Amino acid sequence: MPLLAVLAADDRVPLLERMSLVSSLFSVVTVTDRHEAECWPQVHPHANPAGEERSRASDEAALPQLLERWET
């Protein structure tokens, strides 16, 4: 996940690819919520809660710097 965040912030990467990377990062951030909503109160059969939480925390740490690059 840190690599995706670095690539999404790198101006050498073409704009369309950077937007795709940002979209992927947002998807990762929300995957845990989707899994929980689909199967609550059980755990999604393909879920890896610990891995999803690590990915989500990594993305949430990187997204603010990405978002500040673009005007509101």
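Let's start with a word we will need right away: a residue is buried when its relative accessible area is under 20%, exposed when that area is over 50%, and partly exposed in between, using a 1.4 Å probe and protein chains only. Helices and strands will come up too: these are DSSP runs, H or I over at least four residues for helices and E over at least two for strands, numbered from the N terminus.

Before we look around, please keep in mind that this is a predicted model, where local features need pLDDT of at least 70 and side-chain atom pairs count only at pLDDT 80 or more, while totals for chains, interfaces and linings use all residues. Residues are numbered from 1 along each chain as its sequence is written, and side-chain values use heavy atoms, with hydrogens and water left out.

Now, the overall picture. The protein chain has three helices and zero strands, so to speak an α-α-α order when you read from the N terminus. Along the principal axes, its C-alpha atoms fill a box of roughly 45 × 25 × 20 Å. Of the 72 residues, 32% count as buried.

Let's go to helix 1, residues 2-9. Which residues of this helix are buried? They are A5, A8 and A9. Why do we say that they line one face? Looking down the axis of helix 1, the buried residues fall within an arc of 95°, so they line one face of the helix. That arc is taken from the directions from the helix axis to the C-beta atoms. On the other side of helix 1, you will find L3 and V6 exposed.

Next, helix 2, which spans residues 15-39 and contains R18. Is R18 buried or exposed? It is buried, with a relative accessible area of 10%. Contact here means heavy atoms within 4.5 Å. If we set aside neighbours within four places in sequence, R18 is in contact with L7, A8, D10, D11, V13 and R69. You have already met A8, as one of the buried residues of helix 1.

While we are on contacts, here is a number for the chain: among contacts with a separation of 6 or more, residues 24 or more positions apart account for 57%.

R18 also brings us to salt bridges, meaning a side-chain nitrogen of Lys or Arg within 4 Å of a carboxyl oxygen of Asp or Glu. How many does a search of the whole structure find? It finds two. In one of them, the side chains of D11 and R18 meet, at 3.3 Å from N to O. Here D11 is exposed at 56% relative accessibility, whereas R18 is buried. The side chains of R12 and D10 also meet in a salt bridge, at 2.7 Å from N to O. R12 is exposed at 73%, and D10 is buried at 16%.

Let's finish further along the chain. P45 sits in the loop between helix 2 and helix 3, and this proline is exposed, with a relative accessible area of 65%. P45 and P2 are 43 residues apart in sequence, and their C-alpha atoms are 26 Å apart in space. Helix 3, residues 49-67, holds R54, which counts as exposed at 58% relative accessibility. Between the C-alpha atoms of R54 and P14, which are 40 residues apart along the chain, the separation is 28 Å.
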